[in-house]
Amino acid sequence: MMTRKLLCSVAVGALAAGPAMADVTLGYLADLSGSTSVLSGESSRVAIEMAIEDFGGEVLGEPIELLSADHLTQADTGASIVREWIDVEGVDVVLSADNSAVGLAASPILAEAGIPFLHGASTSALSNDQCEPLQIQALMDTYGLSRAITVPLVESGNDQWFFITVDYAFGQALEAAGAAAIEEAGGAVVGTVRHSPQDIDFSAYLLEAQASGANAIGLATFGSWQVAIAKQADEFGMELPLVPYFLGITDVESAGIENLQGIRGAVQFYWNENDATREFSARFAERYGRPPTFTNAMMYETVRHYLESVEAAGTTEGVAVNEAFRATPIDMIRGGTTTVREDGRQIRPMLIYQTRAPEEVTTDWDFFEIIGEADADSLLLPQDQSTCRLFGEG
Amino acid sequence: MFDINVNLILGQMVLGMVNGVFYAILSLGVAIIFGLLGVINFAHGVFFMLGAFVAYGLLQFFGLGYWPALILVPMIVGALGIVLEVLLIRHLYRLEHLYGLLLTLGMALAIEGFVRIVFGPQGLPYSMPDNLRGAVNLGFMFLPYYRAWVVVAGVILCFATWYVIEQTPLGAKLRAATDNPKLVQAFGINVPVMLTLTYGAGVALAGFAGVMAAPILSVDPSMGTNIVIIAFAVVVIGGMGSILGAILTGFGLGILEGFTKAIYSEASSTVIFVVMVIVLVTRPRGLFGKVG
């Protein structure tokens, strides 16, 4: 495992440095070293490589080249990498940019260059004010994320919410959308704290949540912050349910299932859902040592569909590929298909899960029990509330 | 915005005290190393992180739990510190402080990067010792036994360290050796060894704090990055090189931070730095810094 990780990083370096003369060049821009890299990072690159291999390694008779680079979660770094890829490497599509600020910075540059941007940022700004004709959201946006679990919980009686929110664009957008969903469903938000990205101790906020009279704590945050919150909630014997919006199996592994048992949330992909996901996950685990997270699965689906679209369009030219991408439904690993709306948002459902008790986890990484599904349409921002200019154009 | 709830404020201040323990132990190490060696040890946060990772390693590979880790980890981390002092840091004692800062910053980035390559950026699980699970009702809050233990152990450790340095013959030699190494050497004391051991002891403190943090914080390669900045602010506020200043300021700022969380949480991550600015402007030597 150790050696492989080391080799992988060497390979990234080599790929990023090498010249790209191939006709089909994919640029994977991601956080490869920071906190979000656990969920995507290196592992999503493996998922993309799988998609390329499954496709046969070439399209239109040309080999497929994959560039990858670390945006370091900094918008300006991300933007300059994208510019270099356009000017020097002749990139045909840019993937991921799994950070809202980086996604928002890369979007206008790629739009101007006419290059498709299949992004992994969650902010709904990228399918509203900053929607672009060649831009497609591979992950659920903050609107859908915030509704999938909130609405059923409010309806089942958890109607007084307290938010612990990471104090930047993603957290704030998620909290705002979550609060709107709660109020719409008849609940109320009784308190909010914004934590700084530097925070490591959250016990004070948990105490405040307890004092607020809330009966659910919404976690508009993720990664190591969420892990620390879960550990500390358990330490304080909190009985209030934590409601994560962005929880991956990797986070559960870090926090320990004993600290996260019995929690309900929603996720776009779960590796142990059915035979198809298990088959894919076994192949993925062979390469990466663990089952895929939802972001890994989304990158795989998106890249596979992109390559099919290039073949269908007979060219890598952005507009034509984009047209083909949107014209055919995207196959989901779990079975069934999704389609892309004018604003670039994929119309897809989410799975409602409950985390297992430690003694129920009989297979490694099998932390979730799927207990329901949030219907795709209920997660989609209604067209009349959207600020995307592309509606009605085509 | 300004909600006043006495129970909440008291609770937050108690929790702040717990964080204050971590600030105090880390700042204490920074203050000792600066005070006695003149090195601004930017690698301190990394030794804190290594403390937690070594504790994880002992559990994972040798089945040694929390209590043995509390003894073994400071020794292992301290030994690593000694190796680095001998190989790298001691060559810079004659130069300005800035060089030591640059070297230790480089060491910190390299070690953190190495840990990230080996373990990945993902957090590692570390469970709480079973005999410290549960909580005590203080009337205004439930205080987990573990946090109470952190406070007790931290206070004892801090004051024991202070006592050794300020009140014992060994401490007196140490202080003399930093003031005038040549003279102390002339008395037959091996000053370089003494300084090496001091560095080892300083980082061992960070390792100890790392073990104490492992059950309650996220154990990941960057866990020391932010806390070391606070430790430096504490040392600056307390007075560079002042041992007692570092301890008292660590506790005090932890409590102040907790209080701010209760009143206006958005300001809690900056309040320490606001205090630092005020202290630097009005009393540049720090609250407990010696005049001279």
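A salt bridge is a side-chain nitrogen of Lys or Arg within 4 Å of a carboxyl oxygen of Asp or Glu. With that in hand, let us look at some close-up views of this predicted model.

**Figure 1. A:Glu42, A:Arg45 and A:Glu49 are linked in a network of salt bridges.** Start with A:Arg45, which has a salt bridge to A:Glu42, with 2.8 Å between the closest N and O atoms. A:Arg45 also meets the side chain of A:Glu49 in a salt bridge, at 2.5 Å from N to O. You can follow the network along helix H2, which covers residues 41–54 of chain A. A:Glu42 and A:Arg45 are 3 residues apart there, about one turn of the helix, while A:Arg45 and A:Glu49 are 4 residues apart, again about one turn.

**Figure 2. The residues of the network in helix H2, seen by their accessibility.** Is A:Arg45 buried or exposed? A:Arg45 counts as buried because its relative accessibility is 2%, and the cut-off for buried is under 20%. A:Glu42 has a relative accessible area of 14%, so A:Glu42 is buried too. A:Glu49, at 26%, is partly exposed.

**Figure 3. A salt bridge in helix H10 joins A:Asp275 and A:Arg278.** The closest N and O atoms of this pair are 2.9 Å apart. Both residues belong to helix H10 (residues 275–288) of chain A, and 3 residues, about one turn of the helix, separate them. A:Asp275 is exposed, with a relative accessible area of 59%, whereas A:Arg278 is partly exposed at 34%.

**Figure 4. Domain 1 of chain A touches domain 2 of chain A.** The domain assignment gives domain 1 as 2–140 + 274–347 and domain 2 as 143–267 + 349–379. Where the domains meet, 18 residues of domain 1 are in contact with 20 residues of domain 2. Together the two domains bury about 1600 Å², with 73% of it on carbon and sulfur atoms. Look for A:Met140, A:Phe294 and A:Arg334: they supply 30% of the area that domain 1 buries against domain 2, more than any other three residues.

**Figure 5. A closer look at charge and polarity where the two domains of chain A meet.** How many salt bridges does the rule find across the interface of domain 1 and domain 2? The count is 1. A:Glu373 and A:Arg334 form a salt bridge, their closest N and O atoms being 3.1 Å apart. Between the two domains, 2 residue pairs are in polar contact. On the side of domain 1 that touches domain 2, the residues divide into 9 nonpolar, 6 polar and 3 charged.

Terms used
Residues numbered from 1 in each chain as written. Chains lettered and ligands numbered in written order. Predicted model: local features only at pLDDT ≥ 70, side-chain atom pairs only at ≥ 80, totals over all residues. Heavy atoms only, no water. Helix = DSSP H or I, 4+ residues; strand = E, 2+ residues; numbered from the N terminus. Buried < 20%, exposed > 50% of the residue type's maximum accessible area, 1.4 Å probe, protein only. Domains from an automatic or database assignment. Contact = heavy atoms within 4.5 Å. Buried area = accessible area lost by both parts, 1.4 Å probe. Polar contact = N/O pair within 3.5 Å; in protein donor to acceptor, adjacent residues only side chain to side chain. Nonpolar A, V, L, I, M, F, W, Y, C, P; charged D, E, K, R; others polar.
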